[in-house]
Amino acid sequence: MNKMKHIRCALWLLLALCLALPEELYAAETQRDLKIQDVFIRYGKKKNVTMVELSKEMLETYGMTLYKSIVIKNDPEALRFTRQCLKADQNGARKIKEITDDGGVVSAYYQMPGREKDINRFVLFKVNTKQVITLVYIEGELDSDDLITLLFTRKDF
Amino acid sequence: MKMKTDDIDKLIERYFEGETTADEERQLRAFFASESVPDRLRSYKPLFAYFDEEIQKAHPLKLQANEAKHTNKLWQTKRRWLYIASGAAAAVLLLLTLNHVLFPTDPCYCSDNYVVINGRCYTDIHTVRAMAAEALHEVATPVDEYFPKADVNDRERHVVDDQLKDLGSMFNDNETNE
């Protein structure tokens with residue numbers, strides 16, 4: 001009887017561990033709290049989509065720790081979904097730039113509230129006349145001025 | 001349990017009369033197998049030792065059955081633990097699978113730096129860099145390029161402005177000539 005109690009306890013502990021583990025993984029990935037992460041997950045592996053991820057070592061020169069981008073072609077549903085996600089993520093975000101056309105965002109730079117001190121997070125979005133969606137997520141020590149400089153000096157990685 | 005010598009005497013008497021039960025005979029054999037046999041009864045010791053030996057020889061199957069029963073019990077305990085362990089492992093697997101389905105992680109784990117094009121993962125660093133730069137340049141495109149209609153209008157406006165300037169300069173020239 002006592003043994004069964006121990007087994008039951010061990011099983012509950014195991015269950016709790018299994019449930020807690022993903023939370024730890026989420027904490028490690030700071031982009032997780034943003035809705036735009038769903039755009040990367042949902043469309044990242046689809047046809048007519050190009051998704052890029054660059055890690056710390058590659059980005060050190062630019063003051064970045066994470067760079068992710070996704071380019072989606074010919075997908076009106078993806079555009080609707082991306083705009084929805086951007087709208088959801090705008091809470092507490094600083095608008096660096098936002099251009100709308102017919103009520104829909106066509107170009108935007110947002111600075112998202114940081115989860116860690118000295119780490120800034122930016123979401124860049126654009127949909128061009130050919131309906132090509134470009135969504136970029138940048139994370140790092142760089143500030144909005146650094147970002148603008150980087151964007152308009154057209155440096156290569 | 002220590003037996004009194006009187007009781008033993010009575011039991012021995014009944015034993016030889018053939019009136020003892022199996023349990024009483026077992027008590028007798030146990031008594032004579034012990035070290036506390038009085039000297040006057042020591043002559044019976046080899047007799048009961050012999051009976052004991054014969055009984056054990058006569059019932060080897062029973063002993064084997066007991067041993068088998070014991071082994072079986074051990075196996076049952078082991079099997080029960082095996083079931084519990086495999087159940088726990090299955091539960092962990094199920095939870096991990098559910099977790100993977102309900103909370104999908106990043107779609108690509110092929111490298112720290114990668115590009116996924118049409119569902120295929122590439123890790124060639126030049127391709128990755130080129131694609132990253134392309135996306136960054138795309139979002140950095142100047143505002144004018146978002147609205148081609150506005151561009152056309154602007155171009156037209158420039159043409160009209162230029163024509164007006166020309167006209168203006170003509171008037172100015174005429175005025176100065178006059």
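Colleague: Which residue is the bridge partner of A:Lys95 in strand 4 of chain A?

Modeller: A:Tyr110. Keep in mind that this is a predicted model.

Colleague: What makes strand 3 of chain A and strand 4 of chain A a pair?

Modeller: Pairing takes at least two bridges. These strands share 7 bridges, in the antiparallel sense. So they count as paired. Their hairpin has 2 residues between the strands, and A:Asp102 takes a positive phi near 55 degrees there.

Colleague: Where does A:Tyr110 meet strand 5 of chain A?

Modeller: Opposite A:Val123.

Colleague: How do you know that strand 4 of chain A and strand 5 of chain A pair?

Modeller: They have 6 bridges, again antiparallel. The cut-off is at least two, so they pair.

Colleague: What makes strand 2 and strand 6 of chain A a pair?

Modeller: Residues 64-72 and residues 133-140 form 8 bridges in the antiparallel sense. Against a cut-off of at least two, that is a pair, therefore. A:Val71 stands opposite A:Thr134 in this pairing.

Colleague: Why are strand 3 of chain A and strand 2 of chain B called edge strands?

Modeller: First, the sheet. This open sheet has 8 strands, in the order 3(A)-4(A)-5(A)-6(A)-2(A)-1(A)-1(B)-2(B), with antiparallel pairing. Strand 3 (94-101) of chain A and strand 2 (120-122) of chain B each pair on one side only. The twist averages 10 degrees from one strand to the next.

Colleague: Which strands does helix 4 of chain A lie across?

Modeller: Helix 4 (residues 76-89) lies across strands 2, 4, 5 and 6 of chain A. Its angle to strand 4 of chain A is about 35 degrees.

Terms used
Residues numbered from 1 in each chain as written. Chains lettered and ligands numbered in written order. Predicted model: local features only at pLDDT ≥ 70, side-chain atom pairs only at ≥ 80, totals over all residues. Helix = DSSP H or I, 4+ residues; strand = E, 2+ residues; numbered from the N terminus. Axes fitted to C-alpha atoms, helices over the stretch in contact; angles between N-to-C directions. Contact = placed C-beta atoms within 7 Å.
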